[in-house]
Amino acid sequence: HLVRTIPFKDIVKVLGGIDWGYTQPAAIIIAGLTKDGAVYIMDEYYKTGQTLEQLGTQAKKFMEDYRVQSFFADPSEPMNIQTFREMRIPMSDANRNVSFGIDKVRKLLGNGKLFVKDTCINLRDEFQTYQYPEEKGEAGLKEIPVKKNDHGLDALRYVIATSEQGDNSVVGGVSSEKEAFKERLHIQDFINDEKRGHWLEK
């Protein structure tokens, strides 16, 4: 489900998924959610050898470009999450249940609700190479896929699996221009900043 353009007028929430890495690629996926339950993967970051500071800088750039409201990341690295929070990046623990996340992604694909921007070449490649190990002497495939070339897909899974657990309230429609989309979400971004500021003052 590749797309060349993003329908920014339909996007009501923007979330990010982060898969930590250093020798293996670190991945950030930016997802736009619509009122009718569609998910558009709008952008990606995929790189090895990145420090937390460098990765955080990229996350903040995505916040500026897309008004990301929260990032979901693997909670097995709590110090990484805390470091990002200290950089004023909104972070939440991701649901790490692999089978649950894959099932949600499959349902979106099956219902024609998951779309990937054609410029997200690393995520596209991972979709092509994702595979399950075959058990000798058993029919069918294992439930858990091979842990290889899945960094972007893990970040995507964190967004899909975890976002359904939170508040999916939405705001009204806007014009089709990207700047109008950013301006609308900036209102909520400002409110969130105010809330965080009050919390820090306590």
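Strands, helices and cores in a predicted model

Modeller: Phe72 stands opposite Ser92 in strand E6. This is a predicted model, and Phe72 is a place to start.

Biologist: What makes strands E5 and E6 partners in the sheet?

Modeller: Two strands count as paired if at least two bridges are found between them. E5, residues 70-73, is joined to E6 by three bridges, so the two are paired under that rule. They run parallel.

Biologist: What is the order of the strands in the sheet, and is it open or closed?

Modeller: The sheet is open and has seven strands, in the order E1-E7-E4-E3-E2-E5-E6. The pairing is mixed.

Biologist: Why are E1 and E6 said to stand at the edges?

Modeller: E1 (2-3) and E6 (91-93) each have a single partner strand, so one side of each is left without a neighbour in the sheet.

Biologist: How do you know that E1 pairs with E7?

Modeller: Two bridges join E1 to E7, and at least two are needed for pairing. The strands run parallel, and Val3 has Lys117 in E7 as its bridge partner. E7 is also joined to E4, by three bridges and again in parallel. There Ile41 has Val116 of E7 as its bridge partner.

Biologist: What makes E7 a strand with both faces covered?

Modeller: Leu114 and Val116 on one side are buried, and so are Phe115 and Lys117 on the other. Buried here means under 20% relative accessible area.

Biologist: Why is E2 called largely enclosed?

Modeller: Nine of the nine residues of E2 are buried, so the strand is largely enclosed by the rest of the structure.

Biologist: Which strands are joined to E2 by bridges?

Modeller: Eight bridges join E2 to E3, and these two run antiparallel. Gly17 has Ile29 in E3 as its bridge partner. E2 and E3 form a hairpin, with six residues between them. Four bridges join E2 to E5, this time in parallel, with Leu15 standing opposite Ser70 in E5.

Biologist: Why are helices H4 and H5 called roughly perpendicular?

Modeller: The axes of H4 (residues 121-129) and H5 (residues 151-163) cross at roughly 95° and come within 8 Å. Angles from 65 to 115 degrees count as roughly perpendicular, and therefore H4 and H5 are described that way.

Biologist: Which residues make the contact of H4 with H5?

Modeller: H4 gives Leu123, Glu126 and Phe127, and H5 gives His151, Gly152, Leu153 and Leu156. By class, four of these residues are nonpolar, two are polar and one is charged.

Biologist: Where does H4 lie on the sheet?

Modeller: H4 lies across E1, E3 (26-34), E4 (39-47) and E7 (114-117). It runs at about 100° to E4.

Biologist: Why is Phe100 called partly exposed?

Modeller: Phe100 has a relative accessible area of 31%. Buried is under 20% and exposed is over 50%, so a value in between is partly exposed. Phe100 is found in helix H3, residues 98-110. Leaving out residues up to four places away in sequence, Phe100 touches Asn95 and Ala161. Its C-alpha atom is 9.9 Å from that of Thr162, which is 62 residues away along the chain.

Biologist: How do you know that Arg88 is partly exposed?

Modeller: The relative accessibility of Arg88 is 40%, which falls between the 20% and 50% limits, so Arg88 is partly exposed. It is found in the loop between H2 and E6.

Biologist: What is the phi of Arg88, and what is that of Arg67?

Modeller: Arg88 has a positive phi of about 65° although it is not a glycine. Arg67, in the loop between H1 and E5, has a phi near 55°, also positive and also in a residue other than glycine.

Biologist: How many residues make up the largest nonpolar core, and which have the most contacts inside it?

Modeller: It has 28 residues, and those with the most contacts inside it are Ile18, Ile28, Ile30, Phe71, Phe84 and Met91. The elements giving two or more residues to this core are E2 (11-19), E3, E4, H1 (52-66), E5 and H2 (78-86). H1 provides the largest share, five residues. Apart from this core lies another, of 20 residues, among them Val39, Ala94, Leu123 and Ile160.

Biologist: Which residues does Phe71 touch?

Modeller: Not counting residues up to four places away in sequence, the residues touched by Phe71 include Ile18, Ile28, Ile30, Phe62, Met63 and Met91.

Definitions and conventions: Residues are numbered from 1 along each chain as its sequence is written. This is a predicted model: local features need pLDDT of at least 70, side-chain atom pairs count only at pLDDT 80 or more; totals for chains, interfaces and linings use all residues. Side-chain values use heavy atoms; hydrogens and water are left out. Contact means heavy atoms within 4.5 Å. Axes are lines fitted to C-alpha atoms, for helices over the stretch in contact, and angles run from 0 to 180 degrees between N-to-C directions. Angles under 35 degrees count as roughly parallel, over 145 as roughly antiparallel, 65 to 115 as roughly perpendicular and the rest as oblique. Ala, Val, Leu, Ile, Met, Phe, Trp, Tyr, Cys and Pro count as nonpolar, Asp, Glu, Lys and Arg as charged, and the others, Gly among them, as polar. Buried means under 20% relative accessible area, exposed over 50%, partly exposed in between (1.4 Å probe, protein chains only). A nonpolar core is a set of buried Ala, Val, Leu, Ile, Met, Phe, Trp, Tyr and Cys residues joined through side-chain atoms within 4.5 Å.
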